[in-house]
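Work through these exercises with the structure open. Try each task before reading its solution.

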Amino acid sequence: MGIAQRYARIREEIDEACRACGRDPREVLLLPVSKTVGVPEVREAIAAGALDFGENRPDCIVEKAEALPQARWHFIGNVQSRRIRDIVPHAHLIHSLFEGRHLRKVDAVAAELGKVQDVLLEVNVSGEASKSGLAPEDVAEALRACGELSHVRVRGLMTMAPQGDTAVAREVFEGLRALRDEAQRAVEPTVDNCQLNELSMGMSEDWREAVPCGATIVRIGRAVFDDAFEESAQ
Ligand SMILES: *Cc1c(COP(=O)(O)O)cnc(C)c1O
């Protein structure tokens with residue numbers, strides 16, 4: 001099976017998973033993560049109907065966005081202050097922000113470019129030391145601080161679950177959903193640039209857990225781009 005067929009098959013599986021839990025399939029974006037492949041492979045996915053792609057390195061988002069400006073580029077990787085100037089001009093949505101100083105720099109660069117940058121706040125729901133993101137108890141305060149940034153719009157939350165145990169992944173996804181619901185009630189009405197519709201959660205091995213928990217963006221790399229993934233997963 002090639003990239004186009006895998007993309008189409010996962011899209012169908014997501015649609016089915018949505019129907020099985022009473023959701024509208026149009027609520028869930030399949031975001032192919034193209035970090036391990038080049039422009040030709042991205043073109044194959046575009047031919048199969050993909051429009052949005054995720055990248056985790058600044059140099060790669062710049063290169064691919066310049067080669068394929070018709071696509072929408074999402075930055076999902078570790079943010080470093082000195083690379084924000086490279087990321088913002090190309091980013092449709094930045095999923096992985098959580099430090100105040102980075103958010104303020106994104107705001108400043110977006111202001112210079114005359115754009116309002118859509119962002120998600122990354123949350124370390126599981127509390128694993130290896131994961132980055134806000135502690136759950138700091139989410140409300142971080143959202144309020146974003147209210148000062150006139151060139152940033154917070155669209156929701158993002159998380160990564162620990163690998164290897166789907167039951168744990170499900171708890172993490174339910175945790176992000178609960179945090180979002182709470183913030184929608186307690187913070188959203190008081191912060192103008194905060195509209196928490198998006199939940200970016202679920203990857204190749206755990207998106208099936210994320211969809212019933214309310215994911216609106218599933219970030220899928222290997223299951224779309226790696227021919228060996230199917231076999232290794234079975
Ligand atoms: C690589 C990556 C993914 C995709 O992972 P797969 O397991 O290949 O689907 C999703 N999110 C982030 C932040 C990533 O870095």
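**Exercise 1: Polar contacts of the ligand**

Task: Which side chains and backbone atoms hold a polar partner for a ligand oxygen?

Solution: Start with S204, where a side-chain N or O atom lies 2.5 Å from an oxygen atom of the ligand. This is a predicted model, so read each distance as computed. Next take K35: an N or O atom of its side chain is 2.8 Å from a ligand oxygen. Then turn to the backbone, where a polar atom of G221 is 2.8 Å from an oxygen of the ligand. Finally, check the cover: on its own the ligand has 390 Å² of accessible area, and the protein covers 91% of that.

**Exercise 2: The shell**

Task: List the residues around the ligand and sort them by class.

Solution: Step one, the list: V33, K35, I76, M160, M203, S204, R219, I220, G221 and R222 surround the ligand. Step two, the classes: this shell holds five nonpolar, two polar and three charged residues.

**Exercise 3: The pocket**

Task: Where does the ligand sit, and what lines that site?

Solution: First, place the ligand: it occupies the largest pocket. Second, note the volume of this pocket, about 460 Å³. Third, take the lining, which has 23 residues; K35, N56, I76, M160 and M203 lie nearest the centre. Last, sort the lining of the largest pocket: six nonpolar, ten polar and seven charged residues.

Notes. Residues are numbered from 1 along each chain as its sequence is written. This is a predicted model: local features need pLDDT of at least 70, side-chain atom pairs count only at pLDDT 80 or more; totals for chains, interfaces and linings use all residues. Side-chain values use heavy atoms; hydrogens and water are left out. A residue is near a molecule or strand if one of its heavy atoms lies within 4 Å of it. A polar contact is a pair of N or O atoms within 3.5 Å; within protein, one must be able to donate a hydrogen and the other to accept it, and residues adjacent in sequence count only if both atoms are side-chain atoms. Accessible areas come from the Shrake-Rupley method with a 1.4 Å probe; for residues, only the protein chains shown count as cover. On a 1 Å grid over the protein atoms alone, a cavity is a set of points where a 1.4 Å probe fits but cannot get out, and a pocket is an open set with protein on both sides within 12 Å along at least five of seven lines; lining residues have an atom within 4 Å of a point. A molecule sits in a cavity or pocket if more than half of its atoms lie within 2 Å of its grid points. Ala, Val, Leu, Ile, Met, Phe, Trp, Tyr, Cys and Pro count as nonpolar, Asp, Glu, Lys and Arg as charged, and the others, Gly among them, as polar. Grid points are joined across faces, edges and corners, and a volume is the space filled by probe spheres set on the points.
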